[in-house]
Amino acid sequence: RITAISLQEAREQKLIEESVRFDLINKKVEVIFPFLKNPNTYLADKHQGSSNLRQARRIYMTQCKKSELDKAGTRLTHADLIERGFMVKLLDMPIDCQKLVREAPFNHYYPWFIVSKDDSISTPRRIVVDPSCTGLNQILPKGENRIGTIPDIIIRNRMKPVGWASDISKMYNQLRLDKSAYPFSLFLYHESLSTDIEPDTYVMVRAWYGVVQTGQQAGYALDHLAEIGKVEFPMAPDCIARDRYVDDILPGADSVEEVEEQISQVRQLLSRAGFSLKYVIKSGDVPDESASTDGIMIKMLGYRWNTVEDSLHPGISE
């Protein structure tokens with residue numbers, strides 16, 4: 001049974017890797033949805049029609065009944081997604097894209113929820129999609145578990161005289177969706193968030209957290225980037241591939257000068273595919289205000305790091 005599971009995961013991993021395309025000339029990574037079954041047939045049978053609009057609209061209306069604080073945070077989050085170009089109103093897209101969506105055999109709308117995370121500095125209110133309840137995740141590959149091991153990463157970081165930490169900004173959203181994915185990436189929203197006003201249709205044009213293969217696609221893109229950059233940027237690959245947990249990077253070095261060179265090379269290599277670092281914090285530094293709630297500690301893979309003292313603490317709240 002274990003062997004069969006491993007073989008299935010390996011097959012799915014291959015599909016995921018084949019779904020990622022690099023365009024280093026234009027500094028971007030494109031992905032398709034590597035479906036395991038015909039999505040139009042499967043989803044049409046599941047929802048007894050050519051879309052799941054009814055389901056998505058019903059869930060949207062429940063979110064419109066959330067508190068004004070939640071809705072205000074959601075408006076800010078949605079506006080940021082629009083400004084960054086991660087999501088586009090269908091009516092504002094080129095005619096060929098509108099036609100592609102409207103004439104698709106099945107239109108898949110993401111049910112989404114407002115989630116509060118008050119300890120988050122950057123996004124205390126988040127928009128979370130749930131493609132599992134629509135059946136979309138059931139026909140997409142999970143692949144192999146290639147996430148780094150937290151104790152290994154922490155120990156390597158702490159064994160170096162100088163440590164540093166960063167995270168890759170909007171890592172999943174840097175993956176651009178191929179147009180073939182647009183009919184399956186629809187999103188209902190209206191700025192009023194009122195149950196009395198019908199929502200507009202938006203299209204997510206970037207990969208999204210919650211879609212089952214997205215994490216593996218992003219991980220493969222970064223691992224592949226580390227591999228192709230190992231000659232030109234010899235200090236960057238280990239930082240990106242070995243000392244990364246999802247989007248958090250926690251390397252270390254023997255001197256401040258070596259750390260600065262690591263950071264420089266990581267930035268340059270990531271930029272080749274459109275990725276960037278959100279912030280950088282080094283041992284002995286006061287933490288960046290975007291990473292710390294108290295100006296002393298930052299979160300580090302379930303621990304708390306006092307960056308000035310360079311001491312690590314259990315991440316246990318009061």
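Helices (H or I, at least four residues) and strands (E, at least two) are DSSP runs, numbered from the N terminus. The model is predicted, so local features need pLDDT of at least 70 and side-chain atom pairs count only at pLDDT 80 or more, while totals for chains, interfaces and linings use all residues. Residues are numbered from 1 along each chain as its sequence is written, and side-chain values use heavy atoms, with hydrogens and water left out.

**Exercise 1.** Locate asparagine 173, and decide whether asparagine 173 is buried or exposed.

Solution. Begin with the place in the chain: asparagine 173 sits in the loop that connects β6 (162-168) with β7. Next, take the accessibility, where buried means under 20% relative accessible area, exposed over 50% and partly exposed in between, with a 1.4 Å probe and protein chains only. The relative accessible area of asparagine 173 is 11%, and therefore asparagine 173 is buried. Finally, list the contacts (heavy atoms within 4.5 Å): leaving aside residues up to four places away in sequence, asparagine 173 touches Phe86, Arg206, Ala207 and Trp208.

**Exercise 2.** Describe the sheet that contains β1, β2 and β7, and state which strands stand at its edges.

Solution. Two strands count as paired if DSSP finds at least two bridges between them. With this rule, 3 strands form an open sheet whose order is β1-β2-β7, and the pairing is mixed. Because β1 (20-23) and β7 (175-177) each have a single partner strand, they stand at the edges, and one side of each is left without a neighbour in the sheet. For the angles, axes are lines fitted to C-alpha atoms (for helices over the stretch in contact), and angles run from 0 to 180 degrees between N-to-C directions. Neighbouring strands of the β1-β2-β7 sheet are turned by 35° against each other on average, direction ignored. Strand β2 (residues 28-31) and β7 run parallel and are joined by 3 bridges. Helix α7 (residues 214-228) lies across β1, β2 and β7, at about 40° to β1.

**Exercise 3.** Find the surroundings of valine 29, beginning with its strand.

Solution. Valine 29 belongs to strand β2, and its bridge partner in β7 is leucine 175. With a relative accessible area of 0%, valine 29 is buried. Among the residues that valine 29 touches are Val20, Phe22, Leu175, Ala221 and Phe275. As an exercise in distance, valine 29 and aspartate 96 are 67 residues apart in sequence and 22 Å apart in space, taken from C-alpha to C-alpha.

**Exercise 4.** Work out how β8 is paired, and then examine leucine 193.

Solution. An open sheet of 3 strands has the order β3-β9-β8, with antiparallel pairing, and its edge strands β3 (87-89) and β8 (186-189) each pair on one side only. Between β8 and strand β9 (residues 200-204) there are 4 bridges in the antiparallel sense, and tyrosine 189 has aspartate 200 as its bridge partner in β9. The loop between β8 and β9 holds leucine 193, which has a positive phi of about 50° although it is not a glycine. At 0% relative accessibility, leucine 193 counts as buried.

**Exercise 5.** Compile the corresponding description for leucine 301, starting from its loop.

Solution. Leucine 301 lies in the loop between β14 (297-300) and β15 (303-306). Its phi is near 50°, a positive value in a residue other than glycine. The relative accessible area of leucine 301 is 13%, so leucine 301 is buried.
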